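Here's a walk through one protein chain, taken a piece at a time. Have the viewer open and follow along.

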Amino acid sequence: MTHPREEVRVRLQTDRPHSARVWNYLLGGKDNYPVDSEAGDVILATFPEFAAVARLQRRFLSRAVRFLAGEAGVRQFLDLGTGLPTADNTHELAQRIAPESRVVYVDNDPLVLVHAQALLTSSDEGACAYIDADVRDPDRILAEAAKTLDLSRPVALTMLGIMGQISDAERPAELVSALLAGLPPGSYLALSDGTNTNEALNTAVGVYNGQSANTYHLRSPQEIAAFFAGLDLVEPGVVSTATWRPDEHRSDESTADVSVCGVAVKH
């Protein structure tokens, strides 16, 4: 019988880079191992703008959640691929606007879950929960989320940088559809991912995939836009991450246009 600590050690795979930890390194965090920072440095050597891309995606999350909790009036959030906690996590953004907001975080990296449980604490009026699950298991995610969220009321499903971790053979569009099928009308999808439109990024991701525990699959903007099939896109539609409802007081750093995003509602 495997000891729980040994099981966690095996799952951490500290001898190989993991996406959440590499992303944490690129965002300037400390919750990563030398193998993760080395992988991040390889990416930056090939595509120096990648750290800026990571920051831009984080800022899109902030703007999207502010829209969802504010203008759209959503009070429930299902955050897939949580990543390691940083500033302005989903529940903090939502509960700043509506303290009663309920947020369920989902990730399959044990390091993420340990940090999330320690650091992501809800307001008294709202709730936070954490699910150790893979996006490839939408039925389990929905069943576990239903313990905290009322799935008869609108839910905002956030999927930032997640579908790129799913190969075409694993039918990523069907996974998105299965998750949305479990949510009622009035629910939203906020999604962003990296595109294959920049050769330097393609090369950097290829090098990363050669050494990482989990590979990343860049897609065309059109393929990413197809994840919103059957939904009504919120203006301005599927656009580069920096240009989705940018904050007037903030000019995002110039960077290669390598990721797209969108928010859409289910009717």
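## Strands side by side

Let's start with a single pairing: Gln76 sits opposite Arg102, a residue of S2. One thing to keep in mind from here on is that this is a predicted model. S1 and S2 run parallel, and five bridges join the two. On to the next pairing: S2 also goes with S3, again in the parallel sense, this time over six bridges. Within S3, Cys128 is the residue that Val103 stands opposite.

How enclosed is S2? Five of its six residues are buried, so the rest of the structure largely encloses this strand.

## Ile131 in S3

Staying with S3, have a look at Ile131, which is found in that strand. Its relative accessible area is 5%, and because the cut-off for buried is under 20%, Ile131 counts as buried.

What does Ile131 touch once residues up to four places away in sequence are set aside? The list is Val104, Tyr105, Val106, Asp107, Leu113, Arg140, Ile141, Glu144 and Ala145. For one of these, Ile141, there's a C-alpha distance too: 7.3 Å from Ile131, with the two positions 10 residues apart along the chain.

## Two helices and what covers them

Ile141 takes us to helix H7, residues 138–145, where Pro138, Ile141, Leu142 and Ala145 are buried. Looking down the axis of H7, you'd find these buried residues within an arc of 95°, so they line one face of the helix. The general background is that an α-helix has 3.6 residues a turn, so residues three or four places apart point the same way. As for partners, the buried residues of H7 pack against S1, S2, S3 and H8.

Helix H5 (residues 90–97) has its own buried set: Thr90, His91, Leu93, Ala94 and Gln95. The cover over those residues includes helix H4 (50–69) as well as strands S1 (76–80), S2 (102–107) and S3 (127–132).

## Leu157 in S4

Next stop is strand S4, residues 156–160, which is where Leu157 is found. Buried or exposed? Leu157 has 0% relative accessibility, so it counts as buried.

Leaving out neighbours within four places in sequence, Leu157 is in contact with Leu78, Leu80, Leu179, Leu180, Leu183, Tyr188, Leu189 and Ala190. Take Leu80 from that list: it's 77 residues from Leu157 along the chain, yet their C-alpha atoms are separated by 7.4 Å.

## A loop residue: Ser167

Ser167 has its place in the loop between S4 and helix H8 (172–181). With a relative accessible area of 18%, Ser167 is below the 20% cut-off, so this loop residue counts as buried. Ser167 touches Pro172, His217 and Arg219, if you don't count residues up to four places away in sequence.

## The aromatic cluster

Now for the rings. The structure holds four aromatic pairs. One of them is Phe60 with Trp244, an edge-to-face pair at 5.5 Å centre to centre and 85° between the planes. Phe60 belongs to helix H4, while Trp244 is in the loop between strand S7 (239–240) and strand S8 (259–265), so the pair ties together parts 184 residues apart in sequence. Both Phe60 and Trp244 are buried.

Trp244 has another edge-to-face partner in Phe67, with 6.1 Å between the centres and 80° between the planes. Phe67 lies in helix H4 too, so its pair with Trp244 in the S7–S8 loop ties together parts 177 residues apart in sequence. Phe67 is buried, as is Trp244. Ring pairs link Phe60, Phe67, Tyr188 and Trp244 into a cluster, and that Tyr188 also turns up among the contacts of Leu157.

## Zooming out

Finally, the chain as a whole. Its secondary structure comes to 10 helices and eight strands. There are 267 residues, of which 51% count as buried.

How many of the contacts reach far along the sequence? Of those between residues at least 6 apart, 73% join residues at least 24 apart. On the outside, the protein chain exposes about 11,900 Å², and carbon and sulfur atoms supply 50% of that.

How values were computed. Residues are numbered from 1 along each chain as its sequence is written. This is a predicted model: local features need pLDDT of at least 70, side-chain atom pairs count only at pLDDT 80 or more; totals for chains, interfaces and linings use all residues. Side-chain values use heavy atoms; hydrogens and water are left out. Helices (H or I, at least four residues) and strands (E, at least two) are DSSP runs, numbered from the N terminus. Buried means under 20% relative accessible area, exposed over 50%, partly exposed in between (1.4 Å probe, protein chains only). Contact means heavy atoms within 4.5 Å. Accessible areas come from the Shrake-Rupley method with a 1.4 Å probe; for residues, only the protein chains shown count as cover. The arc is that of the directions from the helix axis to the C-beta atoms. Two strands pair if DSSP finds at least two bridges between them. Rings of Phe, Tyr and Trp (its six-membered ring) pair if their centres lie within 6.5 Å; planes under 30 degrees apart count as stacked, over 60 as edge-to-face and the rest as tilted.
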